[in-house]
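Please look through the sequence and the model before reading on. The report below goes through them part by part.

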Amino acid sequence: MVVLNMQPQTGSGLRPDLMPILKVKDLSVSRSGKLVIYGINLEVFKGEFIGLVGPNGSGKSTLLLAILGVLKAQQGTVSLYGHRPMSRNILGKIGWVSQAAAVMPKNVRITVRELIQLGTLTSRNMFFPRKAIHRQRVENAIKMVGLEDVADNDIVHLSGGQRQRAVIGRALASNSQFILLDEPLVGIDRDSRNALLKLLDRLCHEEDKTILMVSHDLAAIRQTAHRMIYLEETIRFDGPTEEFPDLTTLAGLRGIEPVHGHTHEHTTPVNVDAPNDGEEEGEKEEE
Amino acid sequence: MEVAKPVLEFIAPMVPGEIFPYFFTMEMFQRALVAAVLVTLVAGVLGSFLLVRNLALIGDGLAHVSFGGVAVGVVLGASSPLWYALVFSVVSAILIHELQTRELLTGDASIAIFLTGMLALGLVVLRVFGGGITSDIEGYLFGSLLLIDEESLDLIATISIVSLISLMLLYSGLLSTTIDPLAARVQGLPVRAIGLVFSIITAAVVVSMVQVIGALLVTALLVTPAATGGLIGRSFRSCLIWAQIFGLSSVFLGLYLSAEYDSGSGAMIALVAASIFAAVAIMQIVWKTIIRPSDNWN
């Protein structure tokens, strides 16, 4: 059990004037018989850009899957726009952006436009997709993610950053208001990463989208997110980005004590952020 | 057949060879040609989806299962053992799908178990209750285009047309669930039901192909043209079109060569399909390494 050195702050204090679009109450989720996350209380408000961070295996993806309704709660409730996850009433409002580098099949020939068009599908129009009606929405999504020049290119031939933008475009084409992203910065070079973060920031500010993004790239996400959540089995910190603790305090939150008599921030064994990881991967990919 | 007959007879005078033109004029040959073209059209579409879903070997597995069904049907004295093959294949496909989605067995393990189990059942039943591998049975192993009777053609045509229409209707849903099943689920698409229907379609199409090309060679029409299309296509739609072009070319060229040189039609079609794949792959390698080495497209 991790020792808590700091009381978690609640993000709900940020936008007290609005009804939350996501409300998670006392949520616990088990996977393969093992309790992965517990005691999660969370409220997300329209227009927020939230960074969800935590070390590997801390339950970030489990929390996202529970919010989406893919994983069942062992205890507690999740409410999206006042409805249960996967409810027909919220179809199309929620967008899921997977990690393109890991999820996109390598052996499929599909153009950016074909991929983004898939975002307009629902169970109602699945058999007869009304491409003419959705054309404008698809074109807007392509424009929003800045892929007009490569819209008819096979995604296999795109860079990691462009591929991730295409996956975001798919979520935008569905007109979703609340977008959940799972590690979108992995396998992307530095420039593309910055452009991607700018895009997400623009979606939040100009398109009024709400964003909940999981990332291990603490340095990058701190530049963009309004609010940070630090998760390790349960929420250890939830508050404005500027109040996010430094690495030493984070180590304390995780129950890690200095081995030597003194503490150097850069040597503290905290691997939650690994701010250089993404860079290295990206640079390797560019080569 | 009534629709195809005048078209085939119109084409007949333009067809080369001594024996190949019979495929356009004689009813027995015409039935064979119509069956081959129908299964090729649906196999191209189905194969393209199988490839991107990493299920290239399921066709082979279900073909072996179908052979087990045919063997049981023959021993029981069925006039059209393909109906037995259809039941065996569909039930196995549903069970394989369930084992995979419930993660009871990972990867191709469930395919391997059904392939060998059902094939063994067929072989044992044939040995104990039937006359072993007779020439009739061999026809289902290596294809027996000219033995397709009216009843078999009706079954093949029905399966092909229904499957082709179903695949067209499911096109976007299938592509969506193949690319990113979780995103599709969040969009509200019935991912599991789509997977199940796809498995049933695959099972039925494989059965329709058994008599045309043979249980051992089903993959040649199901996967090879789609794989060749994948080398050239730049979008999923263009891959489908190329798969049809390569599939139909393999069938016509394979039938022509088998008719003129008296070789087995199923084997010759499979050989032509593989040769086309090899030729296209070599051309691609030459293009990338010699003609346009600076172009790093794969």
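B:Asp262 is found in the loop that runs between H13 and H14 of chain B, where helices (H or I, at least four residues) and strands (E, at least two) are DSSP runs, numbered from the N terminus. This is a predicted model, in which local features need pLDDT of at least 70 and side-chain atom pairs count only at pLDDT 80 or more, while totals for chains, interfaces and linings use all residues. Residues are numbered from 1 along each chain as its sequence is written, and chains are lettered from A and ligands numbered from 1 in the order in which they are written.

**Positive phi values**

Most residues other than glycine have a negative phi. B:Asp262, although not a glycine, has a positive phi near 55°. B:Asp262 counts as exposed because it has 8 C-beta neighbours inside 10 Å; a residue is buried if 20 or more other C-beta atoms lie within 10 Å of its own, exposed if 12 or fewer, and partly exposed in between, with C-beta atoms placed from the backbone. A:Glu183, by contrast, is buried, with 21 other C-beta atoms within 10 Å. The residues with positive phi are set out here with their places.

| Residue | Phi | Place |
|---|---|---|
| A:Glu183 | about 50° | loop between strand S6 (178-182) and helix H6 (190-205) of chain A |
| B:Asp262 | near 55° | loop between H13 and H14 of chain B |
| B:Glu103 | about 55° | just after H5(B) |
| B:Asn54 | about 60° | just after H3(B) |

**Helices of chain B**

H3(B) has 26 residues and reaches 38 Å from its first C-alpha to its last, close to the 38 Å expected at 1.5 Å a residue, the expected span being 1.5 Å times one less than the number of residues. Of these 26 residues, 22 are buried, and H3(B) is thus mostly covered. A kink of about 25° is centred on B:Ala43 in this helix, the bend at a residue being the angle between axes fitted to the seven residues ending there and the seven starting there.

Helix H5 (residues 82-101) of chain B has 20 residues that should span 28 Å, and its end C-alpha atoms are indeed 28 Å apart. Its buried residues include B:Leu82, B:Phe88 and B:Ile96, and what covers the buried residues of H5(B) includes helix H4 (58-75), helix H6 (109-129), H8 and helix H10 (191-213) of chain B.

**The nonpolar core**

The largest nonpolar core (a set of buried Ala, Val, Leu, Ile, Met, Phe, Trp, Tyr and Cys residues joined through C-beta atoms within 7 Å) holds 170 residues, and among those touching the most other members are A:Ile211, B:Val39 and B:Met209. Helix H3 (residues 27-52) of chain B gives the most to this core, with 16 residues. Leaving aside neighbours within four places in sequence, B:Met209 is in contact with B:Val39, B:Ala43, B:Val218, B:Leu221 and B:Leu222, two residues being in contact if their C-beta atoms, placed from the backbone, lie within 7 Å.

**Where the chains meet**

Between the chains, 25 residues of chain B are in contact with 28 residues of chain A. H8(B) gives the most to the side of chain B that touches chain A, with six residues. That side divides into 13 nonpolar, nine polar and three charged residues, where Ala, Val, Leu, Ile, Met, Phe, Trp, Tyr, Cys and Pro count as nonpolar, Asp, Glu, Lys and Arg as charged, and the others, Gly among them, as polar.
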